[in-house]
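Colleague: Please take me through this model. Then look closely at one single residue and its surroundings, and set it against a few others.

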Amino acid sequence: MKKRTLVLGASLKPSRYSNIAIKRLRDSGIETVAIGLQKGSVADVTIETENVFFEDVDTVTLYLNPERQKLYYDYIIGLQPRRVIFNPGTENTEFIKLLKENSIESEVACTLVLLSTKQY
């Protein structure tokens with residue numbers, strides 16, 4: 001199993017990309033945790049509504065617009081993931097700079113594409 005991924009901005013709605021990403025991550029055998037606005041579950045992943053300190057997070061994949069990301073800057077940096085993926089519509093130069101200053105990689109990409117092309 002690959003290292004743990006945090007889906008931030010997770011949705012219970014099946015049509016949302018974050019929901020699809022959770023399912024595809026799990027189908028790929030990737031341990032997945034999630035935080036969203038509503039508590040519930042997608043596949044076998046429980047969506048938390050609070051900033052849980054998940055250990056050993058390798059990747060954070062963002063499904064929040066840049067303005068909403070500001071609430072999570074310190075939280076994400078505190079997790080010390082290897083990388084943060086900025087999915088389409090989440091690009092944020094301010095946060096990318098902060099990540100770099102904290103030795104965290106950032107990638108502007110689509111998690112679904114990375115998974116489907118085996119580049120995740």
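Modeller: Charges first, in this predicted model. The protein carries 16 positive and 15 negative charges. Their mean positions lie 6 Å apart. The accessible surface comes to about 6600 Å². Carbon and sulfur atoms own 49% of that surface.

Now the fold. The protein has five helices and seven strands. In sequence order they run β-α-β-β-β-β-α-α-β-α-β-α. The radius of gyration is 13 Å, and the globule rule gives 14 Å for 120 residues, so the protein is as compact as a globular protein of that length. The C-alpha trace spans about 35 × 30 × 25 Å along its principal axes. Of the 120 residues, 46% are buried. Take the contacts with a sequence separation of 6 or more: residues 24 or more positions apart make up 53% of them.

One annotation covers much of this. An unreviewed UniProt entry lists residues 3-114 as "domain: CoA-binding". That is the record's label, and such annotations may be inferred rather than shown by experiment. In the model, residues 3-114 are 31% helix and 32% strand. The C-alpha atoms at the two ends of that stretch are 15 Å apart.

For the close look, take Val 42. Val 42 sits in strand β3, which covers residues 40-42. Is Val 42 buried or exposed? Its relative accessible area is 3%, under the 20% cut-off, so Val 42 counts as buried. Which residues does Val 42 touch, leaving aside neighbours within four places in sequence? The contacts are Ser 11, Leu 12, Asn 19, Ile 22, Lys 23 and Ile 47. Ile 20 gives a distance to check on your screen. Ile 20 and Val 42 are 22 residues apart in sequence. Their C-alpha atoms are 9.0 Å apart in space.

Two other residues make a useful contrast. Gln 80 lies in the loop between α3 (73-79) and β6 (83-86). Its phi is positive, about 50°, although Gln 80 is not a glycine. With a relative accessible area of 46%, Gln 80 is partly exposed. Lys 118 belongs to the segment after α5 (111-116). Its phi is also positive, with a value near 60° in a residue other than glycine. The relative accessible area of Lys 118 is 76%, over the 50% cut-off, so Lys 118 counts as exposed.

To recap the three: Val 42 is buried, Gln 80 is partly exposed, and Lys 118 is exposed.

Note on methods:
Residues are numbered from 1 along each chain as its sequence is written. This is a predicted model: local features need pLDDT of at least 70, side-chain atom pairs count only at pLDDT 80 or more; totals for chains, interfaces and linings use all residues. Side-chain values use heavy atoms; hydrogens and water are left out. Helices (H or I, at least four residues) and strands (E, at least two) are DSSP runs, numbered from the N terminus. The radius of gyration is taken over C-alpha atoms; the globule rule is 2.2 Å times the number of residues to the power 0.38. Buried means under 20% relative accessible area, exposed over 50%, partly exposed in between (1.4 Å probe, protein chains only). Contact means heavy atoms within 4.5 Å. Accessible areas come from the Shrake-Rupley method with a 1.4 Å probe; for residues, only the protein chains shown count as cover. Lys and Arg count as positive and Asp and Glu as negative; His and the chain ends are not counted. The place of a charge is taken as NZ of Lys, CZ of Arg, CG of Asp or CD of Glu.
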